[in-house]
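Here is a friendly walk through some side-chain pairings that you can follow on screen. Please keep the viewer open as you read.

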Amino acid sequence: MRRVVAGLTALSLLGVWAQDTGTGALRVQVTDPDWEVPLAEATVTVVELERRAQTGPDGGVLFEQVPFGNYSVLVSRPGFERKLLRNVAVTPGAVQRLDVPLGAVYTEMDELVVKDIDISAGSDTALIALKMTSAAAIDAVSADTIKRAGASDAAGALKLVAGATVQDGKYAVVRGLPDRYVSSQLNGVRLPSADADKRAVQLDQFPASMIESIQVHKTFMPDQQGDASGGAVDIRLKRVPEQTVLAASVGMAYNDQVTGRKMLTSSGGGVSYWGRDDGDLDLPFRVGEVGSAMSIPSVSAWRRYTEAQKQERRDSWLRSDRETSAFSGDFGSSHKTAEPGTRWSATAGDSLLLAEDVRLGVLGTFSYKNDMTGYDGGRYNSYVARETPDGLAFGRSNFDSSASEFQTERGRESVLWGGTVGVGFESPWTDIGLTYTRSQATDYTVTRAIDDRTYDYETGAGTIWRSQSLHYSERATETVMLQASHPWFFLPEELPVFGWRGLTLLQPVTDWSVSRNKASQVEPDRRLFTDVYNNGYWSGPSGGLSPLERRWRDIEEAGWQYSLNQKIPFTQWTGSEGFLKAGYFDDQVTRTYSQDTFIYKSGNEGVKYPGDPDTLWSDWFLTGYPALGDPPDLKRGWYVASGDSDIDYRGRQDIQAWYLMADLPLTSQLSLQGGVRLESTEISAQMRPAKGVYDNNFAVLTVLTDMNGSEYVNKLRVSSDEELAAHAPNLSRTDQLPALGLKYSPFEKLNLRLNWSETVARPTFKELMPVEFKESAASPTFFGNPRLQMAEVENYDVRLEYMPSGGQIWSISTFYKKLRNPIDMRAYNGYVEGEVFITPVNYPEGEISGVEFEVRQSLGEWLDWSKGLTLGANFALMESEVTRSANEYASVKAYGGGRTRRMAGQPDHLLGLNLMYDVEAWGSCFSLFFTRRGDALLSGDSVNGDRYVPMVFENPFDTLDFGFSQKLTKRWTLGLRVKNILDPEIEQEYRLEKGGEAVRSSYKVGREYSVSLACEW
């Protein structure tokens, strides 16, 4: 109503102009009388003028400059009755208002088709209606809200959903449960993931222009996948239009922290316009092809060599020199001036009406953006705690002889582009669509970290530790999906069941889907340069470790997914509709992982480099042979050698399921939903050393226990395929997953839902594979645990929801989850002094509980002066804990550790507030979005000897975004955005359960100002 009132005000001015021209205007307002909500995407045709338009999210459409006279107006929408209104009079200088209630034709179509129309609708009104009618509890965000919030991708849009947020800027977290408990889908099809760290899909790969809505199913039903314990995040793409669509936009972004200033990069680094590597970072050869350079003999020994022996040594040295020279010399950081970010997008589509209710259409959309961001003045501290006379105190892992307190600087260049093309055919007897989507996200991140806290710049005493990391990454996701639904049109629309009074079967519906999914993550030449300054010289790190490490990593995940569902709707004696549903699901995934690590070893030249504290040894690092001749003239500098512990693997995951479920109306107000899902899981992998051989240095990491009972990480030698196979995962199990729900609607606009279900949580490939990985010299080393088992989750939900009128909702819910064998991260000390290792383990049990609240309310319903002003708010308060094993509890108890601790990855609260103000008379829209993410545990604690590694938390932080759009003309719109207005410090900290904390890391990302210009034809 708020838009209608504002629109009529504007139209009154139009009427003054129309009086002088002999024309008027016709405003058609279409509503759904069953739900009392505006009906979007209805086609309105003024027959005599052959003018056609489609209603917007408010259900209205305006025809301007309509000549004086009487007209016939035809209103239609698939799944609803068609109405032809005759003798609609339009008079000069006036706006004729025509209200058209358009009822749904339930007898002419099955329930599934109605659901599909609602699901794909991009308006808040349609999604709120979906929430109220769905058998499961759903929260969602529409394309309307995504656009107003200025979210650029699916990750940003998800933060607008009640009880949902993202981790690391990419991964879905629902009700505090991280990626393993969340199923990520595209149009209901499970997405592949080539993420090196998680099975979760990186949601920042999907541009907002592709998205029509994001829906989060928060209660499990048997037709959903069995690992949707926290929720199922379903990204719904834009659907085939009913009329011609042609739109484009272009924009620019400015970051007040780096744009126009110096930003960290490297001399040969960066990202191309399309985010594709030009080959400069290609792997010159595999790690197993590296030769081993022979040692340099003494002069006396050289004289005793035969000429053949001398030539053999020379050939070895020359080969090593060629191999070293084959690598790029770009492994150190430098600076460049950061440029503004750019954005553009385009959408085009049309459809052809072949016959009444038979339509063929196509829609394509593409968007692009690039950015340069970064910061300096960041911090990263690697601390342990020790018992002192004054209690526990934070300090360096190895007192003053280890790196610990880093000042950090980072620069990041990124490109994100993606597109989708859909072809659809809609008719009363079939609805089939073919969709192709591809997205790519490319990042080049350069990080410099320096610890000079123990160095005296006046006297030169002390030590400086420095780390430079260069990381290039290309991530791509590609999906081809064919989806169809077929109502059994050859059967009567209603079929009474003999012997069952009041029970009538409706037309059954069969739907199926086939999809081919592929995801890849390419990380060519990830370079890590670590050096130490002491007594006027730069040298490599202690312990004989290499100053330069280079890693190539390729991950590809591909698979097929199939689904088949049969639904039989019916009506019972009260006229309420229910259904029986059964189906089959199969998800076959193959992951290929290859990693090649190269280190640099020293000869007798260039082991140390003289310079001052600001000198970058990486600019002068020696490789190859400065001179080649007979000893003693021969001098061998740094040369490339293969790493010791690279593992390649081919993993396979096959999930198959059968399910049976029903929605049974018991009375006109009470319905029962439930069923069971039988789901089998097979996860296995074949591994081999990347070098192709088992030499004396090949090993895998494992957890050992010393004589004092302390657990620590050590290397375990592996010398055969059989020994390595013992460290491979081999999960095989079948789970029966029941679900039961009760929905009570005492009146039409109020629902009370009670739900109970059992679900599972699977470990990821990274968590299962004994492959080690280190982000930077300052970060802990991660390695997988092949003995991990699946977790089991028992879920309880209570939800009360009220829709006072169209487009508005109030809801409150509470939930409780009991976990058996939950998977969580645990920190360990290791064989390297001061090194911290992270690995996943199964805890005996855990639990999560919380409450959620959501409201979307038009304030104009209460206050006349606030017409067009809408308030949205959501809040979630959560608690979690896992029970420690007896061994872990015994080790941490002396340092204040409890029998239980929080679950990693779960924020304790989430808050979202938004205000949107539409001034239809001006064509203006203002929006303000505030989000707050509570603190969350990142990793648990551990003990080794007298060193206690405390738990690490991410502190709460707030974000505030402002958006403004202004209609310049009928087709052109100007947009202005300010993101991250508060620019909070993003902090992680160590915490002691006895009390006390210390900063682990902190940085700021800066504010972003952007402007855009959009046009629609």
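The report below starts with confidence, then turns to salt bridges, aromatic rings and one serine.

**Confidence**

Please bear in mind that this is a predicted model. The protein has a mean pLDDT of 82, with 85% of its residues reaching 70 or more. Confidence is highest in strand β17 (residues 262-266), at a mean of 96, and lowest in helix α2 (residues 111-120), at 32. Two stretches call for some care. Over residues 1-21 pLDDT stays under 50, and the model has 33 contacts for them beyond four places in sequence. Residues 106-122 also stay under 50, with 40 such contacts.

**Salt bridges**

Side chains of opposite charge can pair when their charged atoms come close. Searching the whole structure turns up 48 salt bridges. Three of them are set out here.

| Salt bridge | Closest N and O atoms | Separation in sequence |
|---|---|---|
| Glu413 – Lys336 | 3.4 Å | 77 residues |
| Arg733 – Glu792 | 3.0 Å | 59 residues |
| Glu888 – Arg826 | 3.7 Å | 62 residues |

Glu413 belongs to strand β23 (residues 405-426), and its partner Lys336 to strand β18 (residues 333-337), so the pair links distant parts of the chain. How accessible is Glu413, buried or exposed? Glu413 counts as buried because its relative accessibility is 6%, below the 20% cut-off. Lys336, on the other hand, is partly exposed, with a relative accessible area of 27%.

The bridge between Arg733 and Glu792 runs from strand β38 (residues 730-744) to strand β42 (residues 791-802). Glu792 is partly exposed, at 24% relative accessible area. In the bridge between Glu888 and Arg826, Glu888 sits in helix α10 (residues 886-892) and Arg826 in strand β44 (residues 823-829). Both of these residues are buried. Shared partners also join Arg733, Asp735, Glu792, Glu794 and Arg820 into one salt-bridge network.

**Aromatic rings**

A pair of aromatic rings is described by the distance of the centres and the angle of the planes. The whole structure holds 47 aromatic pairs. In one of them, Tyr383 and Tyr990 have ring centres 6.0 Å apart and planes at 45 degrees, so the pair is tilted. Tyr383 lies in strand β21 (residues 383-388) and Tyr990 in strand β57 (residues 986-991), which puts the partners 607 residues apart. Tyr383 is buried at 11% relative accessible area, and Tyr990 is buried at 4%.

How are the rings of Phe783 and Phe837 arranged? Their planes stand at 75 degrees with the centres 6.3 Å apart, so this pair is edge-to-face. Because Phe783 is in strand β41 (residues 781-783) and Phe837 in strand β45 (residues 836-842), the pair ties together parts 54 residues apart in sequence. Phe783 and Phe837 are both buried.

Elsewhere, ring pairs link Tyr273, Trp274, Trp344, Phe366, Tyr368 and Trp417 into a cluster. Lysines also lie over ring faces: Lys567 is 4.5 Å from the ring centre of Phe579, and Lys608 is 5.9 Å from that of Tyr537.

**Ser1002**

Let us finish with a serine. Ser1002 is part of strand β58 (residues 997-1003) and is buried, with a relative accessible area of 1%. Its side chain makes a polar contact with the side chain of Glu985, at 3.4 Å. Leaving aside residues up to four places away in sequence, Ser1002 touches Gly378, Arg379, Glu985, Ile986 and Glu987.

Terms used:
Residues are numbered from 1 along each chain as its sequence is written. This is a predicted model: local features need pLDDT of at least 70, side-chain atom pairs count only at pLDDT 80 or more; totals for chains, interfaces and linings use all residues. Side-chain values use heavy atoms; hydrogens and water are left out. Rings of Phe, Tyr and Trp (its six-membered ring) pair if their centres lie within 6.5 Å; planes under 30 degrees apart count as stacked, over 60 as edge-to-face and the rest as tilted. Helices (H or I, at least four residues) and strands (E, at least two) are DSSP runs, numbered from the N terminus. Buried means under 20% relative accessible area, exposed over 50%, partly exposed in between (1.4 Å probe, protein chains only). A charge sits over a ring if NZ of Lys or CZ of Arg is within 6 Å of the ring centre and within 35 degrees of the ring normal. A polar contact is a pair of N or O atoms within 3.5 Å; within protein, one must be able to donate a hydrogen and the other to accept it, and residues adjacent in sequence count only if both atoms are side-chain atoms. Contact means heavy atoms within 4.5 Å. pLDDT is the predictor's confidence in each residue, from 0 to 100. A salt bridge is a side-chain nitrogen of Lys or Arg within 4 Å of a carboxyl oxygen of Asp or Glu.
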